[in-house]
Amino acid sequence: MSALRGFLLSQICVALFALILWRGAGLPLYMIGYLLLGGYRVARSMATALVQDLVDVAQMGLAYGITETVMMSSVFLVSPLVGYLYDVNPESIYPIAIIIIGVVLLISMRFLPRILSSAQRR
């Protein structure tokens, strides 16, 4: 499987996790949901694999550092918003997460193939 397909599939898995936690009922379904949460770690690995094709070997460390910083800054910056949403309505975090993942998925599908094709021409 290509890194791009793995990246997109991992985003779908995390969205399914949020959907299952939001609407699921019963321990077996929650177990499947938490299994799908592993897509978060896969997404991070696939993003790193995608970056590898875009930079020269000499700049790989800097590119990985920037990639990790961007990915972790989203976690850091969203935490206060999620805390506020949880105070207002605890269930609201799941549909909002699904919407945000959907937007990121659409952006990924729109721009990543173009980036990859330009990296292959290098």
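Is Met-60 buried or exposed? Met-60 is buried, because its relative accessible area is 14%, and a residue counts as buried when this value is under 20%. The structure in which this residue sits is a predicted model, and the paragraphs below lead from the whole chain to single residues and back to Met-60.

The protein chain contains 5 helices and 0 strands. Read from the N terminus, its elements follow the order α-α-α-α-α. Along the principal axes, the C-alpha atoms occupy a box of roughly 50 × 30 × 20 Å. Of the 122 residues in the chain, 30% are buried. The surface that the chain exposes amounts to about 8,300 Å², and carbon and sulfur atoms supply 71% of that area. The chain also carries 8 positive and 5 negative charges, and the mean positions of these two groups lie 11 Å apart.

The contacts show how parts of the sequence meet in space. Among contacts in the protein chain with a separation of 6 or more, 65% join residues that are 24 or more positions apart.

One pair of helices may be examined in detail. Helix H3 comprises residues 39–52 and helix H4 comprises residues 60–88; their axes come within 10 Å and cross at roughly 145°. The crossing in which H3 passes H4 is right-handed. On the side of H3, the residues that take part are Tyr-40, Arg-44, Ala-47, Thr-48, Val-51 and Gln-52. Their partners in H4 are Met-60, Ala-63, Tyr-64, Thr-67, Glu-68, Met-71, Met-72 and Val-75.

Met-60 thus appears again, as a member of helix H4 and as one of the residues that meet H3. Leaving aside residues up to four places away in sequence, Met-60 touches Gln-52 and Val-55. Gln-52 is itself among the H3 residues listed at the meeting of the two helices. A distance within the chain may be added: Met-60 and Phe-76 are 16 residues apart in sequence, and their C-alpha atoms are 24 Å apart in space.

Two further residues offer a contrast with the buried Met-60. Where is Gly-38 found? Gly-38 lies in the loop between helix H2, which spans 27–36, and H3. Its relative accessibility is 33%, so Gly-38 counts as partly exposed. Although Gly-38 and Ser-10 are 28 residues apart in sequence, the distance between their C-alpha atoms is 8.1 Å.

The other residue, Leu-81, belongs to helix H4, the helix that also holds Met-60. How accessible is Leu-81, and what does it count as? Leu-81 counts as partly exposed, because its relative accessibility is 45% and the partly exposed range ends at 50%. Between Leu-81 and Ile-93, which are 12 residues apart along the chain, the C-alpha separation is 9.4 Å.

Conventions:
Residues numbered from 1 in each chain as written. Predicted model: local features only at pLDDT ≥ 70, side-chain atom pairs only at ≥ 80, totals over all residues. Heavy atoms only, no water. Helix = DSSP H or I, 4+ residues; strand = E, 2+ residues; numbered from the N terminus. Buried < 20%, exposed > 50% of the residue type's maximum accessible area, 1.4 Å probe, protein only. Contact = heavy atoms within 4.5 Å. Areas by Shrake-Rupley, 256 points an atom, 1.4 Å probe, with all protein chains shown as cover. Lys, Arg positive; Asp, Glu negative; His and termini not counted. Charge placed at Lys NZ, Arg CZ, Asp CG, Glu CD. Axes fitted to C-alpha atoms, helices over the stretch in contact; angles between N-to-C directions. Left-handed = near helix turned anticlockwise from the far one by under 90°.
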